[in-house]
Amino acid sequence: MTNVVKISTGAGILTVLQDGTDCLPMAMFLNVRQPAAENVTIPINAFLYQTAGRNVLIDSGLGPSSDAGHLQQLLAAANVSPAQIDTVFCTHLHPDHIGGLLDDGACVFANAQLYLHREEVAFWGADALYAAAPAPFKAVIDGARAVLAGYASRIVLFEDGAEIAPEAFVMHLPGHTPGHSGLQLGPVGHAQVMLWADIVHASTLQLAQVDVGVVFDADPGQAQATRRAILQRVADSDILLAGGHLPGIGRIERTAEGYRFAPLPQN
Ligand SMILES: [Zn+2]
């Protein structure tokens, strides 16, 4: 399948499962100096990390919709049934990352524990957040809370640095949401792959213009600082990047003005 990219991380294998795409109006991006188009189409990715007999699903896509909802088909193509997923790691609780977790309120991954950052659960559960939210955001909160309720007995809270599966270490990346987290995959101190979740949404635009944020950043200033710090760290290094909205797996290169993503050839 053309939308599957696989890479060895050391002890494990990471497979990119592109659930679909989303089309974002340029008006959703902040601080754009040179708007290149009226809207931008971005990939929506989930991931399968397999190591030591474990099947870890990282995010779950947008779920059934006109341009997304391919997760189950891609898992089947990887010979993994929903019942064989033992761990779901959720980078954050936005709709394009949790859309595949519930089916009519029932857990799709019935044997999995759901790993979430402690601050993510606190954020979406807060009464004050709901009270202050406009109607469209209330719907987003309702979606997050449905997942928290559905998986309530099987939620595992983690903090920065936790090893959620062999050679899969949590990297807290606050800003986009308070508990927004990625993973470093590989031996301690020698990560092969960094899965940076939603450090960028429109990768071409936001790597060239690092100040550009999105309207759904919970804390735009912190999101920008986190993005700058990570880019400084990974640019021109050997580490491979994967992300919720990156096209495949690749490296980050510096350019005169900012950065660019150089994807590996698809296999
Ligand atoms: Zn996202």
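**Sheet, helices and core in a predicted model**

Q: Which strands does helix α3 lie across?
A: The model is predicted. Helix α3 covers residues 118-125 and runs at about 85° to β9 (113-117). The strands that α3 lies across are β9 and β10.

Q: Is α3 parallel, perpendicular or oblique to α5?
A: Helix α5 spans residues 135-150, and the axes of α3 and α5 are 9 Å apart where the two pack. Their angle is about 125°. Angles of 65 to 115 degrees count as roughly perpendicular and those over 145 as roughly antiparallel, so 125° falls in the remaining class. α3 is therefore oblique to α5.

Q: Which residues of α5 are met by α3?
A: On the α3 side, the residues involved are Val121, Trp124 and Gly125. The crossing of the two helices is left-handed. The α5 residues met there are Ile141, Ala144, Arg145 and Leu148.

Q: Which strands stand at the edges of the sheet?
A: The open sheet has 7 strands with mixed pairing, in the order β1-β2-β4-β5-β6-β9-β10. An edge strand has a single partner, so one of its sides is left without a neighbour in the sheet. The edge strands are β1 (4-8) and β10 (155-158).

Q: What is the bridge partner of Val56 in β6?
A: Strands β5 (residues 54-58) and β6 (residues 87-89) run parallel and are joined by 3 bridges. In β6, the partner of Val56 is Thr87.

Q: Which strand gives the most to the largest nonpolar core?
A: This core has 60 residues, and those touching the most other members include Phe47, Ile58 and Leu195. Leu195 is in contact with Phe47 and Ile58, among others. With 6 residues, the strand that gives the most is β4.

Conventions. Residues are numbered from 1 along each chain as its sequence is written. This is a predicted model: local features need pLDDT of at least 70, side-chain atom pairs count only at pLDDT 80 or more; totals for chains, interfaces and linings use all residues. A nonpolar core is a set of buried Ala, Val, Leu, Ile, Met, Phe, Trp, Tyr and Cys residues joined through C-beta atoms within 7 Å. A residue is buried if 20 or more other C-beta atoms lie within 10 Å of its own, exposed if 12 or fewer, and partly exposed in between; C-beta atoms are placed from the backbone. Helices (H or I, at least four residues) and strands (E, at least two) are DSSP runs, numbered from the N terminus. Two residues are in contact if their C-beta atoms, placed from the backbone, lie within 7 Å. Two strands pair if DSSP finds at least two bridges between them. Axes are lines fitted to C-alpha atoms, for helices over the stretch in contact, and angles run from 0 to 180 degrees between N-to-C directions. Angles under 35 degrees count as roughly parallel, over 145 as roughly antiparallel, 65 to 115 as roughly perpendicular and the rest as oblique. A crossing is left-handed if the near helix is turned anticlockwise from the far one by less than a right angle, and right-handed if clockwise. Lists of a residue's contacts leave out its neighbours within four places in sequence.
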